[in-house]
Amino acid sequence: MWLARCDYIARLIDPSAAMMRDGKLLPERAHDNNPCKGLGRYLGEHWVHSHPSVKPCDLYPGREFTWGYLGVPAVGDIEKELRMAPRFKFADYDVLPGIFCRNDYPETLEILDFIRLRKDNYELLYNITD
């Protein structure tokens, strides 16, 4: 779960810019559902977290549900406990080794590479290098 304030959303690049090149829609960005690359239905989730000033939080304390739609607690069984993210060790979010990003994009789940990729995105999207 996440929420965003209007003043944060106002800092983000126009989401349609991430879908276009030379004024044309990039079909693979709109239709290729890839959570590792932030494409298709995952584009909005990547977009909303794309600004360097993002302050992610975590609402659910259970380790059985860390991301995706795996282990989602039943309605009424959700204990809420707001904390800054990440709540757990970085490796705890690799819930299905060999599935999703791990095989095709191993650099997305190694902490130092993850940080480098985030910084590269900040520079590319917002011209921010620190």
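Me: How many salt bridges does the count come to in this chain?
Reply: The model is predicted, and a salt bridge here requires a side-chain nitrogen of Lys or Arg within 4 Å of a carboxyl oxygen of Asp or Glu. One pair that meets this rule is Arg 5 and Asp 7, with the closest N and O atoms 3.2 Å apart. By this rule the count comes to five salt bridges.

Me: Is Arg 5, a partner of Asp 7 in a salt bridge, buried or exposed?
Reply: Exposed means over 50% relative accessible area. Asp 7 has 43% relative accessibility and therefore counts as partly exposed. Arg 5 has a relative accessible area of 58%, so Arg 5 is exposed.

Me: Which residue forms a salt bridge with Asp 120, and in which helix do both lie?
Reply: Asp 120 is partly exposed, with a relative accessible area of 37%, and its partner is partly exposed as well, at 40%. The two residues are four apart, about one turn of the helix. The closest N and O atoms are 3.3 Å apart, and the partner is Arg 116. The helix that holds both residues is H5.

Me: Which residues are joined into one network by salt bridges that share partners?
Reply: One of the salt bridges is formed by the side chains of Arg 87 and Glu 81, at 3.0 Å from N to O. Arg 87 counts as buried because its relative accessibility is 13%, whereas Glu 81 is partly exposed at 28%. The network made by shared partners consists of Asp 58, Glu 81, Arg 83 and Arg 87.

Me: How many disulfides does the count come to?
Reply: A disulfide is a covalent bond between the sulfur atoms of two cysteines. The rule applied asks for a pair of cysteine sulfur atoms within 2.5 Å. Cys 6 is exposed, with a relative accessible area of 70%, and Cys 57 is partly exposed at 32%. The count of disulfides comes to zero.

Me: Which residue has a side chain joined to that of His 51 by a polar contact?
Reply: His 51 lies in the loop between helix H3 (43-48) and strand E3 (57-58). With a relative accessible area of 11%, His 51 is buried. The polar contact spans 2.8 Å, and the partner of His 51 is Ser 53.

Me: Which residues make the nonpolar surface patch?
Reply: Ile 111, a member of the patch, is placed in helix H5 (residues 111-126). Patch residues need over 30% relative accessible area, and Ile 111 is partly exposed at 42%. The patch covers about 370 Å² and is made by Ile 111, Leu 112, Phe 114 and Ile 115.

Me: Which residues does a cis peptide bond join?
Reply: Most peptide bonds are trans. Pro 86, one of the two residues at the cis bond, is in the loop between strand E4 (83-84) and helix H4 (101-104). Omega is about 0°, and the bond joins Ala 85 and Pro 86.

Me: What is the phi of Asn 127?
Reply: Most residues other than glycine have a negative phi. Asn 127 lies in the segment after H5 and is exposed, with a relative accessible area of 65%. Although Asn 127 is not a glycine, its phi is positive, about 55°.

Me: Which element has the lowest mean pLDDT?
Reply: The chain averages a pLDDT of 76, and 74% of the residues score at least 70. Helix H1 (residues 6-9) has the highest mean among the elements, 92. The lowest mean, 56, belongs to strand E2 (residues 24-25).

Key:
Residues numbered from 1 in each chain as written. Predicted model: local features only at pLDDT ≥ 70, side-chain atom pairs only at ≥ 80, totals over all residues. Heavy atoms only, no water. Patch = residues over 30% accessible without salt bridge, like charges linked within 9 Å, V, L, I, M, F, W, Y side chains within 5 Å. Areas by Shrake-Rupley, 256 points an atom, 1.4 Å probe, with all protein chains shown as cover. Buried < 20%, exposed > 50% of the residue type's maximum accessible area, 1.4 Å probe, protein only. pLDDT = per-residue confidence, 0-100. Polar contact = N/O pair within 3.5 Å; in protein donor to acceptor, adjacent residues only side chain to side chain.
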